[in-house]
Amino acid sequence: MHQNIGFQLSRVPRLWRAVIDRRLAPLGLTQTRWITLYHLWRLGDGQPQCDLARAIGVEAPSLVRTLDQLSEQGLIERRGCDQDRRTKRIYLTPEATPLLEQIDAVVSQARSEMLAGLDDAEVDQLASLLSRIEENGLAIQAREDAQ
């Protein structure tokens, strides 16, 4: 049974995103775009592009194309940083708000359905266990990077 945990840990996020992707497709949103918008909304306006990339889990250059597309759609704007001219900060436009509210509703509904049958204590325990697994993984990476 323990041998399957790694596979389950990789399948569940893909399944979770697939459910949300299917529900957001009618809004014309790709996974990359909705995840970027959603993270920016949750993190708050004015995020440096590199910090946003890190939060999403992608390399900064990979995020550039998505930000270009979101900018063309009028959903975000890039502004220079007063402290560092090389840094671009990302801001949501007012046009993004209704779309983000729809995304949030879809994500909340999917979360509710995906966690159906689990009570609050079980969800808290799951979150705690996943955090410990993540911490272990980060410690392994740090150890191996130091070698």
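Leu24 counts as buried because its relative accessibility is 0%, under the 20% cut-off. This residue sits in helix H1, and the model that shows it is a predicted one. Which residues does Leu24 touch, once neighbours within four places in sequence are left aside? They are Leu29, Trp34, Ile103 and Val106. Leu52 lies 28 residues from Leu24 in sequence, and their C-alpha atoms are 21 Å apart in space.

**Two more residues to look at**

Move on to helix H4, where you will find Thr66. Thr66 is buried, because its relative accessibility of 6% falls under 20%. Not counting residues up to four places away in sequence, Thr66 touches Thr32, Arg33 and Thr36.

Is Glu134, in helix H6, buried or exposed? Glu134 is exposed, because its relative accessible area of 51% is over the 50% cut-off. Gln8 is 126 residues away from Glu134 along the chain, yet 14 Å separates their C-alpha atoms.

Here are the three residues side by side.

| Residue | Helix | Relative accessibility | Class |
|---|---|---|---|
| Leu24 | H1 | 0% | buried |
| Thr66 | H4 | 6% | buried |
| Glu134 | H6 | 51% | exposed |

**Helices H2 and H6**

Trp34, one of the contacts of Leu24, is also among the buried residues of H2. The full set of buried residues in H2 is Arg33, Trp34, Ile35, Thr36, Leu37, Tyr38 and Leu40. Arg33 and Thr36 from that set are also touched by Thr66. H2 has 13 residues and covers 18 Å from its first C-alpha to its last, close to the 18 Å expected at 1.5 Å a residue. After H2 comes Gly44, with a positive phi near 105 degrees.

H6, the home of Glu134, has 27 residues. From first C-alpha to last, H6 reaches 39 Å, which is close to the 39 Å expected at 1.5 Å a residue. At the start of H6, Asp119 brings a side-chain oxygen to within 3.1 Å of the backbone nitrogen of Ala121.

**The largest pocket**

Now for the open space in the model. The largest pocket has a volume of about 1600 Å³. It is lined by 35 residues, and those closest to its centre are Leu9, Val12, Pro13, Trp16 and Leu130. Which helices each supply at least two residues of this lining? They are H1 (5–24), H2 (31–43), H3 (49–56), H4 (60–72), H5 (96–114) and H6 (120–146). The largest share of the lining, nine residues, comes from H6. Sorted by class, the lining holds 22 nonpolar, eight polar and five charged residues.

**The whole chain**

Stepping back, how many helices and strands does the protein chain have? It has six helices and three strands. Read from the N terminus, these elements follow the order α-α-β-α-α-β-β-α-α. The C-alpha trace spans about 50 × 45 × 25 Å along its principal axes. Of the 147 residues in the chain, 27% are buried. Among contacts between residues at least 6 apart in sequence, 53% join residues at least 24 apart.

Definitions and conventions
Residues are numbered from 1 along each chain as its sequence is written. This is a predicted model: local features need pLDDT of at least 70, side-chain atom pairs count only at pLDDT 80 or more; totals for chains, interfaces and linings use all residues. Side-chain values use heavy atoms; hydrogens and water are left out. On a 1 Å grid over the protein atoms alone, a cavity is a set of points where a 1.4 Å probe fits but cannot get out, and a pocket is an open set with protein on both sides within 12 Å along at least five of seven lines; lining residues have an atom within 4 Å of a point. Grid points are joined across faces, edges and corners, and a volume is the space filled by probe spheres set on the points. Helices (H or I, at least four residues) and strands (E, at least two) are DSSP runs, numbered from the N terminus. Ala, Val, Leu, Ile, Met, Phe, Trp, Tyr, Cys and Pro count as nonpolar, Asp, Glu, Lys and Arg as charged, and the others, Gly among them, as polar. The expected span of a helix is 1.5 Å times one less than its number of residues. A polar contact is a pair of N or O atoms within 3.5 Å; within protein, one must be able to donate a hydrogen and the other to accept it, and residues adjacent in sequence count only if both atoms are side-chain atoms. Buried means under 20% relative accessible area, exposed over 50%, partly exposed in between (1.4 Å probe, protein chains only). Contact means heavy atoms within 4.5 Å.
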